[in-house]
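I opened this notebook to record what I looked up in one structure. The entries follow the order in which I checked things.

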Amino acid sequence: MASKSSNRAEVPEAKEALDRFKMEVANELGVPLSNGYNGNLTSAQNGSVGGYMVKKMIEAQEKQMAGK
């Protein structure tokens, strides 16, 4: 049985924006992320980028919901 990857954008057109956002966050955190293969990075480095992306998206949504 083939596995289906859940690591995809629900809106394919948003992929480029998400990639730019990921690079911006990695830069803010000082993680040397590059396009393509990043096998030289630790799990902690990669996880910090993803975790901080989620944190920033939640903060932005909360501000929007509060009317700011």
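**Entry 1: the surface patch**

I looked for nonpolar surface first and found a patch formed by L18, V54, M57 and I58, with about 320 Å² of accessible area together. I note here that I am working from a predicted model. Which helix gives the most to the nonpolar patch? I found that helix α2, residues 43-65, does so, with three residues. V54 is one of the residues in helix α2. I looked up its cover as well: V54 has a relative accessible area of 43%, so I list V54 as partly exposed.

**Entry 2: the chain as a whole**

I then stepped back to the whole chain. How many helices and strands are there in the chain? I counted two helices and zero strands. The chain has 68 residues, and 13% of them count as buried. The exposed area of the chain is about 5,700 Å², and 54% of that area is supplied by carbon and sulfur atoms. I also looked at contacts with a separation of 6 or more: residues 24 or more positions apart account for 39% of them.

**Entry 3: helix α2 and S48**

I checked the length of α2. It has 23 residues and reaches 33 Å from its first C-alpha to its last, close to the 33 Å expected at 1.5 Å a residue. After α2 comes G67, and I noted that its phi is positive, near 85°.

Within helix α2 I picked out S48. Is S48 buried, partly exposed or exposed? Its relative accessibility is 30%, and buried requires under 20% while exposed requires over 50%, so S48 counts as partly exposed. Setting aside neighbours within four places in sequence, I found S48 in contact with L29 and V31. S48 and L29 are 19 residues apart along the chain, and their C-alpha atoms are separated by 8.0 Å. The side chain of S48 also reaches the backbone oxygen of Q45, at 2.7 Å.

**Entry 4: N38 in the loop**

Next I turned to the loop between α1 (15-29) and α2, where N38 is found. I read a relative accessible area of 15% for N38, and because buried means under 20%, N38 is buried. Which residues does N38 touch, not counting those up to four places away in sequence? I found P32, L33 and N46.

**Entry 5: salt bridges inside α1**

I went through the charged side chains next. The structure holds four salt bridges.

One of them joins the side chains of D19 and K15, at 3.3 Å from N to O. Both D19 and K15 lie in helix α1, four residues apart, which is about one turn of the helix. An α-helix has 3.6 residues a turn, so residues three or four places apart point the same way. I looked up D19 as well: at 28% relative accessibility it counts as partly exposed.

The side chains of E16 and R20 meet in a salt bridge too, at 3.1 Å from N to O. E16 and R20 are also four residues apart in helix α1, about one turn. I found both E16 and R20 exposed.

**Entry 6: from α1 to α2**

Where does the salt bridge partner of E24 lie? E24 forms a salt bridge with K56, and their closest N and O atoms are 3.7 Å apart. E24 lies in helix α1 and K56 in helix α2, so this pair ties together parts that are 32 residues apart in sequence. I looked up the accessibility of each: E24 is partly exposed, with a relative accessible area of 41%, and K56 is partly exposed, with 22%.

I then found that E24, E28 and K56 are joined into one network by salt bridges that share partners. E28 lies in helix α1 and is partly exposed, with a relative accessible area of 44%. The side chain of E28 makes a polar contact with the side chain of K56, at 3.0 Å. Leaving aside neighbours within four places in sequence, I found E28 in contact with Y52 and K56. I closed with the spacing of E28 and Y52: they are 24 residues apart in sequence and 9.8 Å apart in space, C-alpha to C-alpha.

Notes. Residues are numbered from 1 along each chain as its sequence is written. This is a predicted model: local features need pLDDT of at least 70, side-chain atom pairs count only at pLDDT 80 or more; totals for chains, interfaces and linings use all residues. Side-chain values use heavy atoms; hydrogens and water are left out. Patches are made of residues with over 30% relative accessible area and no salt bridge: like charges are joined within 9 Å, nonpolar side chains (Val, Leu, Ile, Met, Phe, Trp, Tyr) within 5 Å. Accessible areas come from the Shrake-Rupley method with a 1.4 Å probe; for residues, only the protein chains shown count as cover. Buried means under 20% relative accessible area, exposed over 50%, partly exposed in between (1.4 Å probe, protein chains only). Contact means heavy atoms within 4.5 Å. A polar contact is a pair of N or O atoms within 3.5 Å; within protein, one must be able to donate a hydrogen and the other to accept it, and residues adjacent in sequence count only if both atoms are side-chain atoms. The expected span of a helix is 1.5 Å times one less than its number of residues.
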